[in-house]
Structure formats: structure tokens, C-alpha cells
Amino acid sequence: MPDQTSSSTMPQLTRGEIESRVAKVPRWWHSIDLGQGLVTPGHKTAAMLAAELQAMRLPDLRKKTVLDIGAWDGFFSFAAERLGAERVTALDHFIWSMDLGELFGYYEDWKARGVDPQPYETLPCFRPEELPGKRGFDTARELLGSNVESVVADFMTADLKAIGTFDVVLFLGVLYHLKYPVEALERLAALTREVAIIETAAIFLPGLEDHALCEFFEKAELNHDATNWWAPNEKALVGMCRAAGFHHVTVTPTAPTLSQWETLGAQWGIVGRKRLLPYRAVVQAWK
């Protein structure tokens, strides 16, 4: 069930007290403005997150219900609340189950040694009974005095009826981590009343834009991360959304143009127009 406890009655904290609370979180992914000039030390900077929020092209959220799937520290959940959403729910399980300080220690060691990562859920840092990775979200929620609700659930196995439906669903940085992307989009469509905003790793392959293609990662070829499985091109992503039950899909133009591709290819030492270029795709999938 959602956590509906309000944080709005928390007494005013001093700057030092806020800094102390923030420092107790071992790893922040999102840079979240907490007021008093304090921003959490996230891996993603405030500028990066502001650009991502703009690229989403959110509809007017006033009086809307919003679900943020894969919320992590909750930057986009709190942004939706700030933009006037009537009710916001943050859903996560995998990241919230991880001790992120330990996990990134494993990751950096594997990468330095050039060895394949182990399945994360087999590591001692995976502790779903404790939810150590939820500390960032819980801390930010309290310090912001936010009323964002939280649901701890695995999106791919959760009872969708128990979660309910929402006007706007955020599906950011999740799709490419899932083994079964079409099934995931079908589940996403079942939760969406109006529009789902989907952001994912993607590929651009010059000359083959009219073909629906996906790159598959058998091991950890993408960012040395064993949880990365797929990177679709734009046509494949749009087609999968329609096949999953969304009737109309609009695309934020984040794919590189051919001239941009050639410039980047030259910078990266990529020769020939048949080489693929990774990028981040954003689409709005409408019911």
C-alpha cells in the first residue's frame, strides 16, 4: 500500500541539520534542491536533471495524478508535485533494495579489473527487507515537506490493479533495464489513463532509420552494467509503444542528425555511416 504519511508538519531545520541529514545518505543519484541553498550531491547534476525535465515535454500536471516508476531519489516525483499534480506516487523496488554505496564499490572494482559484473540481486548489498537504497528518497521527502506517496513494488510482477491507474506515468531510465520490453510497455499502458513519458537508452543507425531495430546486450556491453538489455532505435520504440496499447506517440527530437553523427563519429574515431550511435530517446505515449 502507498505510504501516505505527510511530511508537511516537520519542524523547520537549520542549515547544519539539513546538511547532516543529507550526509547520512551514502550515495545520491539525483541533485535535489532542498532550499536554503542546499542541493543533494547527486551523480546527476541539477543542470542535467533540468534538461531532462524539459525534454520530457510534460503536459499541464495541475489536478492530475502522476506515477513515477523507478523513482530512485525522487527528483521527478517531487518536480511533478511542485508543478501542481494533485497526487504523486513514487514506485521503486530494485534500487531501493540496494545499499548503493556498496553496489557502486562493486561496480567500480569490476570495471577497473575488466571483469563481467555479477547479478546485482545475488550480492550482499541487495537487501529488500531493509530498503537501504530508499534513504535518499525518504530523506528528501521529509526535508522538502513533501506529500509524495511511495510504493515498494517490482513493476514487472506487481499487481497492477492494486497500484491503480494514473493520468500521467513517468517511465524514465527503466525500459532498457527490462528483459521483456514489450510486456513492460503493455503493463505501462495498463496503468496509464492519458500519457506515459518514456525515456530510454536508444541507438541511431544512419541509413537504416526506416527499419525498426534494437541492439541487444548479452552481458554488460552497455556501460558495464549487467542490468542493461536493450537499446531500440526511434522507429522500434514508437512501434513497440503502439503495439503495447498506446494509440499515439510523439517524439522529442533527441536523436542526432546525420551531420551531428558524422561530427561525433569523427571525434570518437568511428569510420563509416553504418556504425550505430547511442543516445537517449524520449517519447510521449498517449492512450
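**Exercise 1. Which residue in β4 does leucine 67 stand opposite?**

Solution. The model is predicted: local features need pLDDT of at least 70, side-chain atom pairs count only at pLDDT 80 or more, and totals for chains, interfaces and linings use all residues. Residues are numbered from 1 along each chain as its sequence is written, and side-chain values use heavy atoms, with hydrogens and water left out.

Step 1. Strands (E, at least two residues) and helices (H or I, at least four) are DSSP runs, numbered from the N terminus. Two strands pair if DSSP finds at least two bridges between them.

Step 2. β3 and β4 run parallel and are joined by 5 bridges.

Step 3. In β4, threonine 89 stands opposite leucine 67.

**Exercise 2. Place strand β6 in the sheet and describe its pairing.**

Solution. Step 1. The open sheet has 7 strands in the order β5-β4-β3-β6-β7-β11-β10, with mixed pairing. Its edge strands, β5 and β10 (248-252), each pair on one side only.

Step 2. β6 (residues 166-172) pairs in the parallel sense with β3 (residues 65-69) over 4 bridges, and valine 66 stands opposite valine 168 in β6.

Step 3. β6 also pairs in the parallel sense with β7 (residues 192-204), over 6 bridges. Here glutamate 199 in β7 is the bridge partner of leucine 172.

Step 4. Buried means under 20% relative accessible area, exposed over 50%, and partly exposed in between (1.4 Å probe, protein chains only). In β6, 7 of its 7 residues are buried.

**Exercise 3. Identify the buried residues of helix α5 and what covers them.**

Solution. Step 1. In α5 (residues 135-144), the buried residues are Gly136, Phe137, Thr139, Ala140, Arg141 and Leu143.

Step 2. Contact means heavy atoms within 4.5 Å. The elements covering these residues include α1 (15-23), β1 (33-35), α3 (75-82), β4 (87-92) and β5 (149-152).

Step 3. After α5 comes glycine 145, with a positive phi near 65°.

**Exercise 4. Locate lysine 63 and asparagine 223, and classify their exposure.**

Solution. Step 1. Most residues other than glycine have a negative phi. Lysine 63 has a positive phi, near 65°, and asparagine 223 has a positive phi, near 60°.

Step 2. Lysine 63 is found in the loop between α2 (46-55) and β3, whereas asparagine 223 lies in the loop between β8 (214-216) and β9 (230-232).

Step 3. Lysine 63 counts as exposed because its relative accessibility is 70%. Asparagine 223, at 52% relative accessibility, therefore counts as exposed.
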